[in-house]
Number of protein chains: 2
Amino acid sequence: MTWSFADDLGFLMSRASGVVVRATNAALAEHGLRVRPYSVLALAAESEEGTSQRDLGTVLGLDPSQVVLLVDELVERGLVERRPSPADRRTRLVVATAEGRRVREAARQAADAAVEGPLALLGDAERERLRDMLTRVWTAAG
Amino acid sequence: MTWSFADDLGFLMSRASGVVVRATNAALAEHGLRVRPYSVLALAAESEEGTSQRDLGTVLGLDPSQVVLLVDELVERGLVERRPSPADRRTRLVVATAEGRRVREAARQAADAAVEGPLALLGDAERERLRDMLTRVWTAAG
DNA sequence: GCGTATCGTGGAGGATGTCAACGATCGGGG
DNA sequence: CCCCGATCGTTGACATCCTCCACGATACGC
């Protein structure tokens, strides 16, 4: 049986991303994380000096008000900390703690492994093409 | 500037589908619809006899309890109606009204046009490949 | 017939997205 | 040097959306 939606790109992208997100969430649950807090933690751990909350929001496509809550949660659990920026007293730099970096690394491996399920039917070259196309869709919208 | 997320397929799929969904919602707003109610309406309009709410849920990946509310909303606006099934008194067939079919057609054209923005950078052959890959991701998760 | 499964419905709770407002701070133009 | 508009973080409100659980009504297999 085939429906009009089976060839609708918007529908397919929603369903596929839902599948991947759910698989990732299930894997992250062992580490007490979900996709959103994990992405904040991972991005904060990318730089030694830390990342401003505004930058976290822009890169991850999150409203600043959501970043506050996510960072609050991570601070609560000792995975990141807020530091004053030496250059701008308005901004607060979010930097991962040693514990945060450990958790992030373990979570990353779990997430990568979990995603292999849904992506099993895609070869390396295909994934590369998929990455390329999705990036173009993303950037075409500013 | 490039981050670790820029090549994460899960992240890209979420962002890209978000872009498409937002563009679609904006286009559907002129017709007083959003993506979810629209998809229910469209699927109901696919068959003359109507579609059971359970089937709507399974096909669209929605919880049955959500389908109830979405159908309620569409009934309220006279776009669909619930009919008893001749074969099973438990199921209620959701069938689009004449008005519902008109709205659905207009909404479809608006949605198709809106999606051309984000997908502008993809050629026809690429869209076909994208469809194929996303379908495999979707079905790989059963 | 009787037990089990299914359909629609209702309700709870959490997660997510969007928007408006506000104090504190920065930066630039006069 | 001072003021004004812009920016950063934060809070609050609100709508959407997802995931469960429970229930009455009905169907179906044994």
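The surface near DNA strand D is made up of 11 charged, six polar and four nonpolar residues. This composition comes from a predicted model. In total, 21 residues lie around DNA strand D. Those that come nearest are A:Gln53, A:Arg54 and A:Ser65 from chain A, with B:Asp63 and B:Arg89 from chain B. Four elements each give two or more residues to this surface: α3 (53–60) and α4 (64–76) of chain A, and α2 and α4 (64–76) of chain B. The largest share comes from α4(A), with four residues.

The two protein chains also meet each other. Here, 42 residues of chain B are in contact with 43 residues of chain A. On the chain B side, α1 (9–29), α2 (35–44) and α6 (124–139) each supply at least two residues. The largest share of that side, 12 residues, belongs to α1(B). By residue class, the side of chain B that touches chain A divides into 25 nonpolar, nine polar and eight charged residues. Of the interface residues of chain B, 100% are also interface residues in chain A, so the copies meet through the same surface.

The arrangement of the copies was then examined. A turn of 180° lays chain B on chain A with an RMSD of 0.0 Å. The accompanying shift along the axis is 0.0 Å. The two copies are thus related as by a two-fold rotation axis.

Note on methods
Residues are numbered from 1 along each chain as its sequence is written. Chains are lettered from A and ligands numbered from 1 in the order in which they are written. This is a predicted model: local features need pLDDT of at least 70, side-chain atom pairs count only at pLDDT 80 or more; totals for chains, interfaces and linings use all residues. Copies are superposed by least squares on the C-alpha atoms of residues with pLDDT of at least 70 in both. Two residues are in contact if their C-beta atoms, placed from the backbone, lie within 7 Å. Ala, Val, Leu, Ile, Met, Phe, Trp, Tyr, Cys and Pro count as nonpolar, Asp, Glu, Lys and Arg as charged, and the others, Gly among them, as polar. A residue is near a molecule or strand if its C-beta atom, placed from the backbone, lies within 6 Å of it.
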